[in-house]
Amino acid sequence: VHVAAGKIFTLTVVNKGKSTAEFDSPRLQLEKAIPPAHKLVLKMALPAGRYGFLDTRHKTAKGEIVAK
């Protein structure tokens, strides 16, 4: 996911699975549980950099926010 550095953006994470997902980003200092059929909506602005995230319960879902 690419975003403009310093500008507010919204990131929506949807759990389409049948078990709880765990959105975790050490760099963002964020860890949130997302129950099945629910979503997590994050509204933030980030300084330039790369911010990895993953689902620590399933290990298969991961990504990165790149702020430029």
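Which residues have the most contacts inside the largest nonpolar core? Keep that in mind while you get your bearings; the tour comes back to it shortly. One caveat before you start clicking: this is a predicted model.

**Stop 1: the whole chain**

Show the cartoon and colour by secondary structure. You'll find seven strands and zero helices, so there is no need to hunt for a helix. Walking from the N terminus, the order is simply β-β-β-β-β-β-β. The radius of gyration comes out at 12 Å, close to the 11 Å that the globule rule gives for 68 residues, so the chain is as compact as a globular protein of that length. If you like to draw a box, align to the principal axes: the C-alpha atoms fill roughly 35 × 20 × 15 Å.

Now switch on a surface. The chain exposes about 4,600 Å², and carbon and sulfur atoms supply 55% of that. Of the 68 residues, 34% count as buried. For the contact-map fans: take the contacts between residues at least 6 apart in sequence, and 49% of them join residues at least 24 apart.

**Stop 2: the core**

Hide the surface and select Phe 9, Leu 11, Phe 23, Leu 28, Leu 42, Leu 46 and Ile 65 as sticks. These are the residues with the most contacts inside the largest nonpolar core, which has 16 residues. Strand 2, strand 4 (30-34), strand 5 (39-44), strand 6 and strand 7 (62-67) each give two or more residues to this core. As a background remark, nonpolar side chains in soluble globular proteins tend to be buried together.

Next, centre on Ile 65 and show its contacts, skipping residues up to four places away in sequence. Ile 65 touches Val 1, Val 3, Phe 9, Leu 11, Leu 28, Leu 46, Gly 49, Arg 50, Tyr 51 and Phe 53.

**Stop 3: the rings**

Select Phe 23 and Phe 53. How are their planes arranged, and how far apart are the ring centres? The structure holds one aromatic pair, and this is it: the centres are 5.2 Å apart and the planes sit at 25°, so the pair is stacked. The cut-off for that label is planes under 30 degrees apart. The pair links distant parts of the chain, with Phe 23 in strand 3 (residues 21-25) and Phe 53 in strand 6 (residues 49-55), 30 residues apart. Both Phe 23 and Phe 53 are buried.

Then pick Tyr 51 and Arg 27. Arg 27 lies over the face of the Tyr 51 ring, at 4.4 Å from the ring centre.

**Stop 4: two positive phi angles**

Open your Ramachandran panel and click on Gln 29. Its phi is positive, about 55°, although Gln 29 is not a glycine. Gln 29 is in the loop between strand 3 and strand 4. Is Gln 29 buried or exposed? At 75% relative accessibility, Gln 29 counts as exposed.

Ala 37 is another one to click: it has a positive phi of about 65° and is not a glycine. Look for Ala 37 in the loop between strand 4 and strand 5. With 70% relative accessibility, Ala 37 counts as exposed.

Stay in that loop between strand 4 and strand 5 and select Pro 35. Pro 35 is partly exposed, with a relative accessible area of 35%. Leaving out residues up to four places away in sequence, Pro 35 touches Asn 15 and Thr 20. Try the distance tool from Pro 35 to Thr 12, 23 residues away along the chain: the C-alpha atoms are separated by 14 Å.

**Stop 5: Val 14 and His 58**

Jump to Val 14, in strand 2 (residues 9-14). Val 14 is partly exposed, at 48% relative accessible area. Which residues does Val 14 touch, not counting those up to four places away in sequence? They are His 38 and Lys 39. Val 14 and His 38 are 24 residues apart in sequence and 6.1 Å apart in space, C-alpha to C-alpha.

Last selection: His 58, in the loop between strand 6 and strand 7. His 58 is partly exposed, with a relative accessible area of 33%. Setting aside neighbours within four places in sequence, His 58 is in contact with Ser 19, Thr 20 and Ala 21. Finish with a line from His 58 to Val 1, 57 residues apart along the chain: their C-alpha atoms are separated by 20 Å.

Notes:
Residues are numbered from 1 along each chain as its sequence is written. This is a predicted model: local features need pLDDT of at least 70, side-chain atom pairs count only at pLDDT 80 or more; totals for chains, interfaces and linings use all residues. Side-chain values use heavy atoms; hydrogens and water are left out. Rings of Phe, Tyr and Trp (its six-membered ring) pair if their centres lie within 6.5 Å; planes under 30 degrees apart count as stacked, over 60 as edge-to-face and the rest as tilted. Helices (H or I, at least four residues) and strands (E, at least two) are DSSP runs, numbered from the N terminus. Buried means under 20% relative accessible area, exposed over 50%, partly exposed in between (1.4 Å probe, protein chains only). A charge sits over a ring if NZ of Lys or CZ of Arg is within 6 Å of the ring centre and within 35 degrees of the ring normal. The radius of gyration is taken over C-alpha atoms; the globule rule is 2.2 Å times the number of residues to the power 0.38. Contact means heavy atoms within 4.5 Å. Accessible areas come from the Shrake-Rupley method with a 1.4 Å probe; for residues, only the protein chains shown count as cover. A nonpolar core is a set of buried Ala, Val, Leu, Ile, Met, Phe, Trp, Tyr and Cys residues joined through side-chain atoms within 4.5 Å.
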